[in-house]
Amino acid sequence: PKRIMVLGARQEATLPPKVWLELNAIFPEAKFHIHHLGPDVPEAKHDTELEMNEGKMKITWTRAHYQDVHEFVDVPDLYALFN
């Protein structure tokens, strides 16, 4: 899958998961793993995973700083940093 790491995730981590399914609408054959990582990820979503769209979309949430977990996560294909 294409791994996308959303660094410093805040409000992005609270978006409804169906918003991220738009990537599958644009690239129907691709598989994606979206990883929301940041100290402001909601506590209720920390260390959770969600698989959707018959395994074509996986979303992970981690409440931590990147420098604390970078050794334990897969190297992403794309880093996304929203302002």
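1. In this predicted model, M5 has Y79 as its bridge partner in strand β5. That pair belongs to the contact between strand β1, residues 2-7, and β5, where the two strands run parallel and are joined by three bridges.

2. The sheet as a whole is open and has five strands in the order β3-β4-β2-β1-β5, with mixed pairing. Because β3 and β5 (78-80) stand at the edges and each has a single partner strand, one side of each is left without a neighbour in the sheet. From one strand to the next, the twist averages 15 degrees.

3. Strand β4, which covers residues 57-62, has a parallel partner in strand β2, residues 32-37, and the two are paired over six bridges; within this pairing, L37 has T62 as its bridge partner in β4. Strand β3, residues 48-52, runs antiparallel to β4 and is joined to β4 by five bridges, and here E49 stands opposite T60. Four residues lie between the strands in the hairpin of β3 and β4, where N53 takes a positive phi near 55 degrees.

4. How much of β4 is buried? Five of the six residues in this strand are buried, so that β4 is mostly covered. W61, which is found in β4, has a relative accessibility of 5% and therefore counts as buried, the cut-off being under 20%.

5. The surroundings of W61 can be described in some detail, since, leaving aside neighbours within four places in sequence, W61 is in contact with A13, H36, V41, K45, H46, D47, T48 and L50. Of these, A13 lies 48 residues away along the chain, yet the C-alpha atoms of W61 and A13 are separated by 7.3 Å.

6. The largest nonpolar core holds 14 residues, and those touching the most other members are V6, W20, I34, M57 and I59. Strands β1, β2 and β4 are the elements that give two or more residues to this core, and β4 gives the most, with three. In soluble globular proteins, nonpolar side chains tend to be buried together.

7. Which residues does W20 contact, once neighbours within four places in sequence are left aside? They are V6, E12, L15, I34, H36, M57, I59 and F82. A second core, separate from the largest one, consists of five residues, among them M5, L7, A64 and V69; M5 is thus a member of this second core as well as the bridge partner of Y79 in β5.

Conventions. Residues are numbered from 1 along each chain as its sequence is written. This is a predicted model: local features need pLDDT of at least 70, side-chain atom pairs count only at pLDDT 80 or more; totals for chains, interfaces and linings use all residues. Side-chain values use heavy atoms; hydrogens and water are left out. Buried means under 20% relative accessible area, exposed over 50%, partly exposed in between (1.4 Å probe, protein chains only). Two strands pair if DSSP finds at least two bridges between them. Axes are lines fitted to C-alpha atoms, for helices over the stretch in contact, and angles run from 0 to 180 degrees between N-to-C directions. Contact means heavy atoms within 4.5 Å. A nonpolar core is a set of buried Ala, Val, Leu, Ile, Met, Phe, Trp, Tyr and Cys residues joined through side-chain atoms within 4.5 Å.
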